[in-house]
Amino acid sequence: TQEGMERERLAQAAARKAGWIMHQCKSEQHAYFDAHGMTDLEGLVWRPTEQENLLCLPMRIGQSLVGLQLIDRHGKKKFLSGQRTSGAEYLIDNKGTDIWVEGYCTGLAVKVCMSALRMRYRIHVTFSAGNLKEMATSGFVIADNDKSKAGEKVAIATGLPYWISDVEGEDFCDFWQRLGTFRASQMLQKLIRDR
């Protein structure tokens, strides 16, 4: 169909733009990390203007770069216009247990805890609850405790073991910041052990 061809054309243009932006990124610190208690981290940062610095997360389907999530210094997130997001992920991988999360900072907090436990991980950042539901097939899910209950509904729908904070509005990164690495790690270890 005409509409399908146009969608594909826009998706290809977005993938090319993502590659172009990635080539201009530098590894540096970003306010988004500071806000989430990860002040020593660096990420890929693109400066489209003198005032702007955007943290860039490459989104891939398999090995193919399909787009980017761009995060500004206030934590506002957006994707490239026309890009494919369905089935796309950002992988934090050291060849271990599959762990599915929505957001990047949740993924980073899980990485800190898994590293503290000296356990291998394969953290899939899926960028949305809907995408997580489509993609999560093995391992377990770390769900966001949204007011709408969307995170928990999706976690249940995957049929996988899952963890969710008992505090409404909290994701794993918030939980980790509130309780510290030791207690957050213990929660993860229990989830893995009991599944």
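Which residue forms a salt bridge with Arg47? Keep that one in mind while you get set up; what you have open is a predicted model.

**Stop 1: Arg47 and its partner**

Select Arg47 and Glu28. They form a salt bridge, and the closest N and O atoms are 2.7 Å apart. Now colour by element: Arg47 is in the loop between β2 (43-46) and β3, while Glu28 belongs to strand β1 (residues 26-28), so the pair ties together parts that are 19 residues apart in sequence. Switch on a surface and Arg47 counts as partly exposed, at 45% relative accessibility.

**Stop 2: the sheet**

Next, show the cartoon and find the open sheet of 5 strands. Reading across, the order is β6-β8-β7-β9-β10, and the pairing is mixed. Select 90-93 and 162-164 to pick out β6 and β10: these stand at the edges with a single partner strand each, so one side of each has no neighbour in the sheet. From one strand to the next, the twist averages 20°.

Zoom in on β7 (residues 97-101) and β8 (residues 121-125). These two run parallel and are joined by 5 bridges. For a landmark, click Thr97, which stands opposite Tyr121 in β8.

**Stop 3: helices on the sheet**

Which strands does helix α3 touch? Select residues 104-116 and look: α3 packs on the sheet and touches β6, β7, β8 and β9 (140-143). Its direction makes about 170° with that of β8. Then move to helix α5 (residues 150-158), which lies across β9 and β10 and runs at about 175° to β9.

**Stop 4: the core**

Time to go inside. The largest nonpolar core has 36 residues, and the ones touching the most other members are Ile99, Tyr104, Val110, Ile142, Phe172 and Leu188. Show those six as sticks. Elements giving two or more residues to this core include β3 (54-61), β4 (64-71), β7, α3 and α6 (172-194). The largest share, 8 residues, comes from α6.

Now centre on Phe172. Beyond its neighbours within four places in sequence, Phe172 is in contact with Thr106, Ala109, Val110, Cys113, Ile142, Trp163, Ala184 and Leu188. Display that set together to see what surrounds the ring.

**Stop 5: more charged pairs**

Back to charges. The whole structure has 10 salt bridges, and two more are worth a click.

Select Asp93 and Arg122. They form a salt bridge with the closest N and O atoms 3.1 Å apart. Asp93 lies in strand β6 and Arg122 in strand β8, so this pair ties together parts that are 29 residues apart in sequence. Are they buried or partly exposed? Asp93 is partly exposed, with a relative accessible area of 30%, and Arg122 is partly exposed too, with a relative accessible area of 30%.

Then select Glu168 and Lys147, whose side chains meet in a salt bridge (3.5 Å, N to O). This pair links distant parts of the chain: Glu168 sits in the loop between β10 and α6, Lys147 in the loop between β9 and α5, and they are 21 residues apart. On the surface view, Glu168 counts as partly exposed at 44% relative accessibility, whereas Lys147 is exposed, with a relative accessible area of 69%.

To finish, add Lys95 and Asp98 to Asp93 and Arg122: salt bridges that share partners join these residues into one network.

Key
Residues numbered from 1 in each chain as written. Predicted model: local features only at pLDDT ≥ 70, side-chain atom pairs only at ≥ 80, totals over all residues. Heavy atoms only, no water. Pairing = 2+ DSSP bridges. Helix = DSSP H or I, 4+ residues; strand = E, 2+ residues; numbered from the N terminus. Axes fitted to C-alpha atoms, helices over the stretch in contact; angles between N-to-C directions. Contact = heavy atoms within 4.5 Å. Core = buried A, V, L, I, M, F, W, Y, C linked by side-chain atoms within 4.5 Å. Buried < 20%, exposed > 50% of the residue type's maximum accessible area, 1.4 Å probe, protein only. Salt bridge = Lys/Arg side-chain N within 4 Å of Asp/Glu carboxyl O.
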